[in-house]
Amino acid sequence: MQYYLLVSAATVLFALQFLFNQKFEQERGNTLKSALEFTLYKSIVIVVMMLIISRFDITITPFSVILAVIYAVACILMTYFSMKAFAVANLSVYSVFSMLGGMLLPFLAGVGFYNEELTAFKIICCLLIVVSVLLNLRGGKQSKKAFLYYMAVFILNGSVGVISKVHQSSSLPHTDSTGFMLLTSAVSIIISAVWLLIQHKKIPVIKGKSLGFAAGYGIFNGVGNWLLLISLVNLPASVQYPLVTGGVMVFSTIISMIRKEKLSVNDYIAAAISFVASVLMAF
């Protein structure tokens with residue numbers, strides 16, 4: 001039960017992290033440059049946190065470094081294609097592809113490659129979450145390029161969960177959850193800094209609110225992913241990631257209600273379905 005509580009805590013953090021992301025974009029814009037700045041500074045915060053949590057005792061192995069590089073590249077490409085999608089695509093459709101990729105690819109990896117049990121119960125829960133996610137679709141004009149960006153986001157967001165599963169389940173020597181979070185963030189720092197230097201000849205220094213928003217996101221995102229890595233050692237991916245997707249939808253709706261944002265009937269129905277599916281998945 002304790003690992004279900006860790007996943008639940010992570011979903012709350014993921015639902016809250018978007019508030020910091022939204023505020024940062026309002027301060028710095030939604031360009032690729034601002035996305036790289038955001039990645040750089042939030043990754044610095046995560047590295048500092050992981051060093052403190054580990055008491056500066058980190059084990060580094062070649063296997064973990066290789067997967068950390070792949071993980072970081074996937075995250076940065078996800079940021080890039082997200083920015084491209086925001087410019088030409090329907091935001092609600094983008095969110096659907098992102099959430100479904102983050103759920104379905106790790107689910108399939110767990111069942112297909114790690115002999116996780118595929119039960120009718122799991123299938124029903126996943127279908128409920130798919131229905132819940134699709135209820136968030138909104139109409140709107142679509143660009144011809146949009147589908148390519150949707151698929152890129154679907155694959156990249158899902159690949160992050162798959163990479164996490166591969167690392168945590170490997171029989172090869174690898175670092176622990178804290179060390180892997182530190183490595184992925186350190187690689188993100190290097191790639192973002194080099195990219196900014198190549199594109200803009202300098203690394204921008206952000207201050208004030210922008211720095212606070214990046215730091216806040218780093219804390220919530222870093223701790224959330226760290227908790228998922230810990231629970232992934234003991235929970236099947238085919239259980240954990242549907243729980244995350246359903247949980248984020250539920251808590252995001254609750255946060256929107258608290259903030260008195262305008263919600264449609266579909267939003268409430270989607271949250272209710274996600275809640276039921278998440279509760280069922282936990283039993």
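Before you click anything, one cut-off: a residue is called buried under 20% relative accessible area, exposed over 50%, and partly exposed in between. Keep in mind, too, that you're looking at a predicted model.

**Stop 1: the cysteines**

Select Cys 75. Its relative accessible area is 24%, so Cys 75 is partly exposed. Now hop over to Cys 126, which has 6% relative accessibility and therefore counts as buried.

Is there a partner for Cys 126? Let's put that another way: which cysteine sulfur is closest to the sulfur of Cys 126? Pick Cys 125 and draw a distance between the two sulfurs: you should get 7.1 Å, which is too far for a bond. A disulfide needs the two sulfur atoms within 2.5 Å. By that rule, the disulfide count comes to 0.

**Stop 2: the cavity**

Next, hunt for empty space. A search of the whole structure turns up 1 cavity of 30 Å³ or more, and the largest cavity has a volume of about 30 Å³. To find the spot, select Leu 32, Ala 35, Leu 36, Thr 39, Ile 76, Thr 79, Tyr 80 and Trp 195, which line the largest cavity. Two elements give two or more residues each to this lining: α2 (32–54) and α3 (62–88).

Which helix gives the largest share of the lining? Color α2 and you'll have it, with 4 residues. Try coloring the lining by residue type as well: 6 are nonpolar, 2 are polar and none is charged.

**Stop 3: Asn 221**

Move along to helix α8, residues 208–232, and pick out Asn 221. Is Asn 221 buried or exposed? Its relative accessible area is 10%, so Asn 221 is buried.

Show the side chains here. You'll see Asn 221 and Gln 17 joined by a polar contact of 3.1 Å between their side chains. Leaving aside residues up to four places away in sequence, Asn 221 touches Phe 14, Gln 17, Lys 42 and Ile 46.

**Stop 4: Leu 156**

Last pick: Leu 156, in helix α6 (residues 146–169). With 13% relative accessibility, Leu 156 counts as buried. What does Leu 156 touch, not counting residues up to four places away in sequence? Light up Ala 74, Leu 77, Met 78 and Phe 81.

To finish, draw a line from the C-alpha atom of Leu 156 to that of Ser 64. These residues are 92 residues apart along the chain, and their C-alpha atoms are separated by 19 Å.

Methods: Residues numbered from 1 in each chain as written. Predicted model: local features only at pLDDT ≥ 70, side-chain atom pairs only at ≥ 80, totals over all residues. Heavy atoms only, no water. Buried < 20%, exposed > 50% of the residue type's maximum accessible area, 1.4 Å probe, protein only. 1 Å grid on protein atoms, 1.4 Å probe; cavity = no way out; pocket = protein on both sides within 12 Å on 5 of 7 lines; lining within 4 Å. Points joined across faces, edges and corners; volume = space filled by probe spheres on them. Nonpolar A, V, L, I, M, F, W, Y, C, P; charged D, E, K, R; others polar. Polar contact = N/O pair within 3.5 Å; in protein donor to acceptor, adjacent residues only side chain to side chain. Contact = heavy atoms within 4.5 Å.
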